[in-house]
Amino acid sequence: MTPEDFATLYQADAWHWYVEDTGQYWSSADRAYSRLVPPHFTHAPNEAALREVLTQAGFADRAPGWKPTADDVRAEASRRMQALVGARDAAHLDLIIANANREAIRLIRKEAGGWTADEARRAAELEAADAGIEAIRAASNIMEAAPPSDVPGDARWPTFQ
C-alpha cells in the first residue's frame, strides 16, 4: 500500500488508533490519546508499530512519542516556503528563488532609469516574497537548535496574508 493509498483509506492525519498494549485510543489529528471511544478506529499492536505506519504514510509528526529533529524543522520550513511562492517541491522552490534573484538584479540595474508600473509592482512582489522567505528561515534557525514538539503547527512560524 502506498502512502497515498493509506492516507486516503485511513485519513491517517485525522484518524483514531486503538493501541492494544496501552488500551487507549490515539488521535493522529490531536497528536494525543483520546478520552472518548471514537466511532471508527484501526488497531495497532503498540506505539512502535503505529509510529512505523504513520511514518510510512508521511505523518511521522502525528505519531505517539514523535520527537522532531533539526531536519524536521528544515523540512517544515521548506514546505512553508514552497507554499509561500507556489512551488511544487523543494527543487522547484530553488528554481523560483534563483529566477527571482536574476529578475531582481535586472530590476536593480534598471531602477536608475525608472521602472514601469508593472516593474515597480513586480519589484514589490519580489521584495515581499524575499521578506517572507527570510522570516521563515529565521524561525527555522531559532528552532533547529532545540526542535519543539509543535514544529508542524503554526504557532512558531510567521503568518502571511
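In the charge count used here, Lys and Arg are taken as positive and Asp and Glu as negative, while His and the chain ends are left out. On this basis, the protein chain of the predicted model carries 17 positive and 25 negative side chains. The centres of these two sets are separated by 5 Å.

The secondary structure of the protein chain consists of five helices and four strands. Their order along the sequence is α-β-β-β-β-α-α-α-α. Thus a helix precedes the four strands, and four helices follow them.

The overall dimensions were examined next. For the protein chain, the radius of gyration is 21 Å, whereas a compact globule of 161 residues would have a value near 15 Å. Along the principal axes, the C-alpha atoms occupy a box of roughly 70 × 30 × 25 Å. Of the 161 residues in the protein chain, 29% are buried. The exposed surface of the protein chain amounts to about 10100 Å², of which 53% is supplied by carbon and sulfur atoms. Among contacts in the protein chain with a separation of 6 or more, 52% involve residues 24 or more positions apart.

One residue of the loop between strand E2 (24–27) and strand E3 (32–34) is Arg 31. Most residues other than glycine have a negative phi. Arg 31, although not a glycine, has a positive phi of about 55°. The relative accessible area of Arg 31 is 32%. Because this value falls between the limits of 20% for buried and 50% for exposed residues, Arg 31 is classed as partly exposed.

Conventions
Residues are numbered from 1 along each chain as its sequence is written. This is a predicted model: local features need pLDDT of at least 70, side-chain atom pairs count only at pLDDT 80 or more; totals for chains, interfaces and linings use all residues. Side-chain values use heavy atoms; hydrogens and water are left out. Helices (H or I, at least four residues) and strands (E, at least two) are DSSP runs, numbered from the N terminus. The radius of gyration is taken over C-alpha atoms; the globule rule is 2.2 Å times the number of residues to the power 0.38. Buried means under 20% relative accessible area, exposed over 50%, partly exposed in between (1.4 Å probe, protein chains only). Contact means heavy atoms within 4.5 Å. Accessible areas come from the Shrake-Rupley method with a 1.4 Å probe; for residues, only the protein chains shown count as cover. The place of a charge is taken as NZ of Lys, CZ of Arg, CG of Asp or CD of Glu.
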